[in-house]
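Me: I am new to this structure and would like to go through it slowly. Please show it first, and then explain the terms as they come up.

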Amino acid sequence: MRAPFDLGSQTIPPGGRKTVDLPVSVMSDHTPVTLSAHVIHGRRPGPVMFVSAAIHGDEVIGVEIVRRLLRAAPLQRLSGTLIAVPIVNAFGFLNQSRYLPDRRDLNRSFPGHSHGSLAARLGDLFMTEIVARCDLGVDLHSAAVGRTNLPQIRLTPGNARLQELGHAFAAPVTLMSKTRDGSLRLEAEKAGVDVLLYEAGEGLRFDEFAARAGVAGILRVMAQLGMIAPRGVPKARQPSVLCVGSSWLRAPSGGLLRTMKASGDWVEAGAVLGIVSDPFGEAEAEIVADAPGIVVGRTNLPVVNEGDALFHVARADAPKAAEAAAGEFDAHLEATPLFDEDEII
């Protein structure tokens with residue numbers, strides 16, 4: 001008989017599932033705030049994996065992905081243990097805000113401290129109660145409000161295990177992304193827990209394509225790990241395109257943006273992605289791709305200021321050149337780090 005799984009004050013027997021509320025803080029009006037995790041503890045041994053969402057409170061697409069994942073039929077015969085945390089940053093989620101009430105970014109506050117700021121305490125709780133119990137994690141994110149991301153997996157360079165699992169996830173695009181100080185990925189990997197970062201959709205919006213790709217990708221990773229049977233797991237239609245770098249194209253002037261390309265479109269060098277015009281139509285400026293690649297992110301706002309980030313283009317050798325790019329994986333380990341949302345703004 002497999003041993004039960006303990007989390008907080010709760011014990012989950014083999015073959016059981018339970019939602020566990022971990023106390024975080026008490027709000028100014030005496031309302032308690034908890035970190036809620038749903039644990040599925042399989043009858044058979046296997047890896048312990050966490051899936052987290054809403055580290056940034058406005059990134060709601062991950063919450064929907066976790067909801068769908070927990071209802072997926074293959075999880076009924078789970079080997080190992082799944083810890084699903086649909087809302088890490090409950091404060092930001094309730095306020096529809098990326099940040100915590102102290103204006104800190106939780107994903108720059110790990111590993112945290114039990115006697116530190118609100119962000120530090122939440123980071124410490126997540127690390128000690130969730131991450132420390134796991135072998136692997138999938139962290140779900142989206143673009144900020146007013147921008148959208150093509151579903152993509154971001155991997156830590158030089159990690160062969162993550163490369164294999166990223167291939168199994170099979171998001172439309174795979175990008176190399178160095179870890180940042182204070183990020184969950186960095187601190188989890190220091191603790192020996194590899195983390196796949198999934199980016200898709202827009203802040204405060206649902207995106208059906210992003211949700212389906214996220215659920216299917218997580219199930220494929222779990223099948224790769226032997227946590228679930230392959231039967232019933234959606235098969236990847238095509239391999240992920242491994243991109244060797246990316247850059248944001250910014251508005252050369254302020255005005256009204258007319259977009260010519262959508263997320264997922266392949267563009268050649270010199271292609272016009274959009275045009276910024278003044279309200280009178282007397283002055284127009286084109287946004288031109290400086291290299292071939294795939295549009296993996298863009299703004300959804302038609303009103304732009306000079307310097308605003310408009311199109312995120314990931315460089316690849318040719319459309320759908322996944323296998324060719326995979327052969328050059330190690331050659332691009334020192335690519336420029338991807339910006340986070342604050343740096344994009």
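Reply: On a 1 Å grid over the protein atoms alone, a pocket is an open set of points with protein on both sides within 12 Å along at least five of seven lines, whereas a cavity is a set of points where a 1.4 Å probe fits but cannot get out; lining residues have an atom within 4 Å of a point. Grid points are joined across faces, edges and corners, and a volume is the space filled by probe spheres set on the points. This is a predicted model, in which local features need pLDDT of at least 70 and side-chain atom pairs count only at pLDDT 80 or more, while totals for chains, interfaces and linings use all residues. Residues are numbered from 1 along each chain as its sequence is written, and side-chain values use heavy atoms, with hydrogens and water left out.

Me: Which residues lie nearest the centre of the largest pocket?

Reply: The largest pocket has a volume of about 470 Å³. Its lining divides into nine nonpolar, two polar and five charged residues, where Ala, Val, Leu, Ile, Met, Phe, Trp, Tyr, Cys and Pro count as nonpolar, Asp, Glu, Lys and Arg as charged, and the others, Gly among them, as polar. Of the 16 lining residues, those nearest the centre are Ala170, Phe209, Ala213, Arg220 and Arg237.

Me: Which element supplies the largest share of the lining of the largest cavity?

Reply: The structure holds three cavities of 30 Å³ or more, and the largest of them has a volume of about 330 Å³. Its lining has 28 residues, with Arg108, Arg154, Leu197, Glu199 and Asp340 nearest the centre, and by class there are seven nonpolar, eight polar and 13 charged residues. Helices (H or I, at least four residues) and strands (E, at least two) are DSSP runs numbered from the N terminus, and those that each give at least two lining residues are β7 (136–141), β8 (147–155), α5 (184–190), β10 (194–202) and α8 (341–344). The largest share, three residues, comes from β8.

Me: Which helix gives the largest share of the largest nonpolar core?

Reply: A nonpolar core is a set of buried Ala, Val, Leu, Ile, Met, Phe, Trp, Tyr and Cys residues joined through side-chain atoms within 4.5 Å; buried means under 20% relative accessible area, exposed over 50%, and partly exposed in between, with a 1.4 Å probe and protein chains only. The largest core has 39 residues, and Met49, Leu82 and Ile218 have the most contacts inside it. Among the elements that each supply at least two of its residues are β5 (44–52), α1 (61–70) and β6 (79–85). The largest share, eight residues, comes from α6.

Me: How many of the residues of α1 are buried?

Reply: The buried residues of α1 include Ile61, Gly62, Val63 and Glu64. Further along the helix, Leu69 and Leu70 are also on that list. The helix is mostly covered, and the number of its ten residues that are buried is eight.

Me: Which strands stand at the edges of the open sheet of four strands?

Reply: Two strands pair if DSSP finds at least two bridges between them, and this sheet has the order β16-β15-β13-β18 with antiparallel pairing. Two bridges join β13 (residues 255–259) to β18, and glycine 255 stands opposite valine 304. Each edge strand has a single partner, so one side of it is left without a neighbour in the sheet; these strands are β16 (284–288) and β18 (303–304).

Me: Is histidine 30 buried or exposed?

Reply: Most residues other than glycine have a negative phi, and most peptide bonds are trans. Histidine 30 has a positive phi, near 80 degrees, and is found in the loop between β3 (16–26) and β4 (32–41). With a relative accessible area of 66%, histidine 30 is exposed.

Me: What is the omega of the cis peptide bond that joins phenylalanine 110 and proline 111?

Reply: Proline 111 lies in the loop between α2 (90–95) and α3 (118–129). The bond that joins phenylalanine 110 to this proline is cis, with an omega of about 5 degrees.

Me: How many disulfides are there?

Reply: A disulfide is counted here as a pair of cysteine sulfur atoms within 2.5 Å. Cysteine 134 is buried at 7% relative accessible area, and cysteine 243 is buried at 1%. By this rule, the count of disulfides is zero.
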